[in-house]
Amino acid sequence: MKSRKKLRKECLGFIKFVAPMLILYTLFFLIPLVQTIYYSFTDYNGINPKLGWIGLGNYRAVFQDKYFYNSLLFTVLSALLFMAVINVAGFVLALGLNRKIRSRNILRAIIFCPFIFNNVTVGFIWQFLLGRLMTDLYPLTGWGIFKIGWLSEERLVIYSVVLVKAWQAVGYFMVIYLAGLQMLPQDPLEAAAIDGCGGWNRIFKIVLPLMRPTSFVCLFLAITETLNMFPLLMTLTNGGPGHASENISLYIYNEAFKSHRMGYASALSVILTIVVLMVAMVQMRLTKEGDA
Amino acid sequence: MNRRKKTNIAVGLLLWVFCVAMFFPMLFIIINAFKTFGEVVMDPLALPAVWNLDNFKEVIRTGNYIRVFLNTIYFAMLSGVIVLVFGSMAGFKLSRMNNKVSQAIMLVFMIAMMLPFPVIMIPLAVMATKLHISNHLTMISILNAGFSCSLAVIMYMQTVKGIPRELDECADMDGCSGYRFFFTIIFPLLKPMSGTLAVLYFIRYWNDLMLPMILISKKELYTIPLSQLSFYNQFTQNRWNLLLAAGLMALLPVIVLYLFAQKTIISGMVAGAVKG
């Protein structure tokens, strides 16, 4: 009798406290997620309310779509490139800032600052710098680096995009590494110092292995950041030149809202979801192994 | 010891050089935001002949910027308040339940943190048209709060763990329970976390482009990133002086916030990354 009363109270509490957020979350995240899956089996175009069921038709089309492979390739390459650049840069900066430097807090604040800038502004700023300003710098300096069309050459645009994203996010990765460095257990470091292990040896043989959990976080965070960078792409290059800097998120947007192929774009979204969840599962596995 | 000090100074210098290099681009932006269009076209490197505020004035006038500014504040604030109030309630209860059900619900909440926005973008746009809530800032804010609440729920759950359960029982015995207990006793205890989350969410919503872009088509309801984009599309001949001025104006509130709450923002974002 008592336990039933308790259960009822528990349920009531759940409804009163958890339900408001959970309902909003369900309405505006979970249901849309399921709807995306449903749309992916239809020829929905956003205008005609009658949905035609076409089964796996969209998926078959996706795997024959050269722009899909193009955007996938760009996404993977930019993610790998970004991962490498941002983690090395972030870690090196964090090592520097972890020393007893007097202006440490100011330095940290300045380097982190671009991360809170909005993507639209960052995109415009760099479009101006790379596309407009550089053409004026070349006759002045004669340096070949300014002559190159950093945003207009298909071969180079990926480096420019990664560079801009890295400029924006390097402070973020730096502070995460810095927090990791400050939480390191002191004993192994002191033991190493006593045994005369210093400099590069200390960093590569002791600090880096101890930082494994933080590096995992940063590596996977880099993937999320590249998947989410499409507002930046939109204002920096708008996927151009041609389709050279179109990542999968931007491709989904263009298909859905420019070409009005919502069913097709939904199929792309489903594929993206599966990939992201797979990556997340790998991450969880690896983190668990790292803990054990 | 002495050698160590020397290295520290060298590292410090290197870091300063890096900092300056990183902020060099911003210098050009500030210079060009104060120039006339002709000056920008002629020579983007030169200083402006006169430091005038004409560009900013024109952005405010043609972009209807005051309205846009207020829209953005309304959108960011309302979404933020909903997330903080409902999110803290949910986080509190889920943390107290601490059983299979609550763990499952937490996992469900975590899905949204992993997936990029395009995954739910299409149904959201369709739903908004069907329910007639596109071009309705209040409804859009509620919708926004709904799919972006994960971080708040999870962070509040962690914080509530540190508040002893005895408190709940004591208050219950004194006849204080339910919402009254939560809002008079627990919520004030969560203030530091609420402050951090408020700042983080405000920045996120202030900078958000995608949701407003798919749901808002009326010019009077534009938020700042959206109006920047329309500014860009409006001029075939890129009016960089205006675009850069608009960009600086978009950054200003966030930079001011950053000056005051720099430590909170950085530590909050680190915590969010490590937990998510």
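The confidence of the predictor in each residue is expressed as pLDDT, on a scale from 0 to 100. In this predicted model, chain B averages a pLDDT of 87, and 98% of the residues score at least 70. Among the elements of chain B, helix α4 (residues 65–97) has the highest mean pLDDT, 93, whereas the lowest, 76, belongs to helix α2 (residues 37–42) of chain B. The model as a whole scores ipTM 0.88 and pTM 0.90.

The contact between the two chains takes 68 residues from chain A and 69 residues from chain B. On the side of chain A that touches chain B, the largest share, 13 residues, is supplied by α2(A), the helix that spans residues 19–39 of chain A. The residues on this side of chain A divide into 48 nonpolar, 15 polar and 5 charged.

Two helices of chain B that pack against α2(A) were examined in turn. The axes of α2(A) and α4(B) come within 7 Å and cross at roughly 115 degrees. Angles of 65 to 115 degrees count as roughly perpendicular, and the two helices are therefore roughly perpendicular to each other. From α2(A), this contact is made by A:P20, A:M21, A:L22 and A:L24, which meet B:F86, B:G87, B:M89 and B:A90 of α4(B). The participating residues comprise 7 nonpolar and 1 polar, with no charged residue.

Helix α7 of chain B (residues 137–147) also packs against α2(A), at an angle of about 90 degrees and with the axes 7 Å apart. This angle makes α2(A) roughly perpendicular to α7(B). The contact involves A:L24, A:Y25, A:L27, A:F28 and A:F29 of α2(A), together with B:I142, B:L143, B:A145, B:G146 and B:F147 of α7(B). Of the residues in this contact, 9 are nonpolar and 1 is polar, and none is charged. A:L24 thus appears both in the contact with α4(B) and in that with α7(B).

The largest nonpolar core has 159 residues, and those with the most contacts inside it are A:M21 and A:M174. Helix α14 of chain B (residues 240–275) gives the most to this core, with 14 residues. A:M21, one of the two residues with the most contacts inside the core, is also among the residues through which α2(A) meets α4(B). For A:M174, leaving aside its neighbours within four places in sequence, the residues in contact are A:G90, A:L93, A:A94, A:L97 and A:I111.

Technical notes: Residues are numbered from 1 along each chain as its sequence is written. Chains are lettered from A and ligands numbered from 1 in the order in which they are written. This is a predicted model: local features need pLDDT of at least 70, side-chain atom pairs count only at pLDDT 80 or more; totals for chains, interfaces and linings use all residues. Axes are lines fitted to C-alpha atoms, for helices over the stretch in contact, and angles run from 0 to 180 degrees between N-to-C directions. Helices (H or I, at least four residues) and strands (E, at least two) are DSSP runs, numbered from the N terminus. Angles under 35 degrees count as roughly parallel, over 145 as roughly antiparallel, 65 to 115 as roughly perpendicular and the rest as oblique. Two residues are in contact if their C-beta atoms, placed from the backbone, lie within 7 Å. Ala, Val, Leu, Ile, Met, Phe, Trp, Tyr, Cys and Pro count as nonpolar, Asp, Glu, Lys and Arg as charged, and the others, Gly among them, as polar. A nonpolar core is a set of buried Ala, Val, Leu, Ile, Met, Phe, Trp, Tyr and Cys residues joined through C-beta atoms within 7 Å. A residue is buried if 20 or more other C-beta atoms lie within 10 Å of its own, exposed if 12 or fewer, and partly exposed in between; C-beta atoms are placed from the backbone.
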